[in-house]
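Please open the model in your viewer and keep the selection panel at hand. The tour below proceeds selection by selection.

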Amino acid sequence: MADKQRRSEMKPVSESVRQWAEALRAEIEQWPAVRIRRSFGMTLVYRGEVVFAALPLTRALHAEDAIMLKFERESAAMTKR
């Protein structure tokens, strides 16, 4: 049986990062068709049913000041450029 893959450890977030993420959340939640939910110690930002950002609230992935963003795939023209 294969070894289980180990999950990334979630790091505690500093107060300065928490304040920065809260300010960014306040700005983003004014955008049209955006929903904000809290989960896993992070603030998840949805557009429709898709999460496109995760901001640290009490925990972050990989590093204490990490945020996650989801981008669309680059078009062939963008890749070439």
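**From one arginine to the sheet**

Begin by selecting Arg 25 in this predicted model, together with the residues it touches beyond four places away in sequence: Ile 36, Arg 38, Thr 43 and Leu 55.

Next, extend the selection to residues 15–28, which form helix α1, the element that holds Arg 25. Is Arg 25 buried or exposed? Its relative accessible area is 12%; because this value is under the 20% cut-off, Arg 25 counts as buried.

Now display the side chains of Glu 22 and Glu 29. The side chain of Glu 22 joins that of Arg 25 through a polar contact of 2.4 Å. The side chain of Glu 29 also makes a polar contact with the Arg 25 side chain, at 2.7 Å.

Then turn to the strands. Which strands form the open sheet, and in what order? Four strands take part, in the order β2-β3-β4-β6, with antiparallel pairing. Select residues 34–39 for β2 and 68–69 for β6 to see the edge strands, each of which pairs on one side only.

Move inward to β3 (residues 42–47) and β4 (residues 50–56), whose antiparallel pairing extends over 6 bridges. To inspect one position, select Leu 44 and its bridge partner in β4, Ala 54.

Finally, show helix α1 and the sheet together. The helix packs on the sheet and touches β2, β3 and β4. Between the directions of α1 and β4, the angle is about 145°.

Technical notes: Residues are numbered from 1 along each chain as its sequence is written. This is a predicted model: local features need pLDDT of at least 70, side-chain atom pairs count only at pLDDT 80 or more; totals for chains, interfaces and linings use all residues. Side-chain values use heavy atoms; hydrogens and water are left out. Helices (H or I, at least four residues) and strands (E, at least two) are DSSP runs, numbered from the N terminus. Buried means under 20% relative accessible area, exposed over 50%, partly exposed in between (1.4 Å probe, protein chains only). A polar contact is a pair of N or O atoms within 3.5 Å; within protein, one must be able to donate a hydrogen and the other to accept it, and residues adjacent in sequence count only if both atoms are side-chain atoms. Contact means heavy atoms within 4.5 Å. Two strands pair if DSSP finds at least two bridges between them. Axes are lines fitted to C-alpha atoms, for helices over the stretch in contact, and angles run from 0 to 180 degrees between N-to-C directions.
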